[in-house]
Amino acid sequence: EAFQGAFAESSIRYLVPLTIQGGLEGVIALSPPVNRTEEFNYEDFDLMRMLGGQAAATLLSLQLHGQLAVARELAAIGKVTTFVVHDLKNSVTGLGMMLENARDYMGDPEFQEDMLETVETTVKNTKGLIHRLQNLKERPILELRSISLENLIQEECRTFASDRLCLDLSPVEVSIDDGEIRKVVRNLLLNAFEASSESGEITVSTGAEPQPFFRVSDQGVGMSKDFIQNRLFKPLETTKKKGFGIGLYQCRNIVESHGGFMEVESRENEGSIFTVWLSGSHEKTTPGGNV
């Protein structure tokens, strides 16, 4: 009776239900026809049902659009979080290796100097990470400056303080964002150590012919040709038990943003060679190919 009274006061004659996936989401209220003597037939009621169906479809579209927007935001947050965690993991791993070596070399003045530089670099990188998060953009702008590539390599290698590292560094001047390229060097070194046995030698070299490059070689477990071609540089793809599958994907993006590319050679149970070309184009055939 209450509804009937409300309908009478509002001159509502018909209600068309709006159903979405079997649930009632709303109604369309229709007033009496202009011609009070007009009688509705089945075609009029079919038209009402069609209008109700179209209105329900529009409501569903709006709901799905809202859900999709939320899903995209969550995916973006998840992606950013994954990269942040990966960068923090690399920084903590470097500090952990330094701490482990400190047990044997803490009294060595040269190690003390290297340790202070490592801590200073880690603090700088962490501050840079915080700054990027505070000024998050889809494509960060590179801060290019001319630096000595071999010095950058040496500084990163000091973090590991390992006698397994063999350096073959030639003088190379490059114009790069050193903070971003340090991430690439650090990630390749960490991968080499994790892929190798405790006695496996890791070689790091630099050169300028036919263009500036640096190369990290290990004698570790290696990778199959199929993994290199189909999975190596894809996010969330990894052979590590506790890996994120982000490192090499991030490395390739950084190198490509500098106008360069990465080259991979690897054989299972024999080791891997990663070469980073920092500018220009270079055609070369390798078992892994240009990536």
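This briefing describes the strands, helices, internal cavity and backbone details of the structure shown above. The model is a predicted one. Its elements include an open sheet of 5 strands with mixed pairing, a hairpin formed by β1 and β2, and a cavity with a volume of about 90 Å³.

**The five-stranded sheet**

- The strands of the open sheet follow the order β4-β6-β7-β9-β8.
- Because β4 (165–168) and β8 (261–267) stand at the edges with a single partner strand each, one side of each has no neighbour in the sheet.
- On average, and with direction ignored, neighbouring strands of this sheet are turned by 10 degrees against each other.
- Strands β6 (residues 202–207) and β7 (residues 213–218) run antiparallel and are joined by 5 bridges; glycine 207 has phenylalanine 213 of β7 as its bridge partner.

**Helices packed on the sheet**

- Helix α5 (residues 178–195) packs on the sheet and touches β4, β6, β7, β8 and β9 (271–277). The direction of α5 makes about 15 degrees with that of β7.
- Helix α7 (residues 247–257) also packs on the sheet, where it touches β8 and β9. The direction of α7 makes about 140 degrees with that of β8.

**The contact between α5 and α7**

- Two packed helices are described by the angle between their axes and the distance between the axes.
- For α5 and α7, the axes come within 9 Å and cross at roughly 145 degrees, and the crossing is left-handed.
- On the α5 side, the contact is made by Glu180, Ile181, Lys183, Val184, Asn187, Leu188 and Asn191. On the α7 side, it is made by Gly247, Leu248, Gln250, Cys251, Ile254 and Val255.
- The residues of this contact divide into 7 nonpolar, 4 polar and 2 charged.

**The cavity**

- The count of cavities of 30 Å³ or more comes to 1, and the largest cavity has a volume of about 90 Å³.
- The lining consists of Asn90, Ser91, Gly94, Leu95, Thr118, Thr121, Thr122, Asn125, Glu156, Thr159 and Arg186.
- Helices α2 (42–105), α3 (109–134) and α4 (149–160) each supply at least two residues of this lining.
- By class, the lining residues are 1 nonpolar, 8 polar and 2 charged.

**Methionine 97**

- Methionine 97 lies in helix α2. Its C-alpha atom is separated by 7.5 Å from that of threonine 159, although the two residues are 62 residues apart along the chain; threonine 159 is also one of the residues lining the largest cavity.
- With neighbours within four places in sequence left aside, methionine 97 is in contact with Phe160, Leu190 and Phe193.

**The β1–β2 hairpin**

- Strands β1 (residues 14–20) and β2 (residues 23–30) run antiparallel and are joined by 7 bridges. Tyrosine 14 has leucine 30 of β2 as its bridge partner.
- The hairpin has 2 residues between its strands, and glutamine 21 in the turn has a positive phi of about 55 degrees.

**Backbone details in the loops**

- Most residues other than glycine have a negative phi, and most peptide bonds are trans.
- Asparagine 269, in the loop between β8 and β9, has a positive phi of about 65 degrees although it is not a glycine.
- A cis peptide bond, with omega of about 0 degrees, joins glutamate 209 and proline 210. Proline 210 is found in the loop between β6 and β7.

Technical notes:
Residues numbered from 1 in each chain as written. Predicted model: local features only at pLDDT ≥ 70, side-chain atom pairs only at ≥ 80, totals over all residues. Heavy atoms only, no water. Pairing = 2+ DSSP bridges. Helix = DSSP H or I, 4+ residues; strand = E, 2+ residues; numbered from the N terminus. Axes fitted to C-alpha atoms, helices over the stretch in contact; angles between N-to-C directions. Contact = heavy atoms within 4.5 Å. 1 Å grid on protein atoms, 1.4 Å probe; cavity = no way out; pocket = protein on both sides within 12 Å on 5 of 7 lines; lining within 4 Å. Points joined across faces, edges and corners; volume = space filled by probe spheres on them. Nonpolar A, V, L, I, M, F, W, Y, C, P; charged D, E, K, R; others polar. Left-handed = near helix turned anticlockwise from the far one by under 90°.
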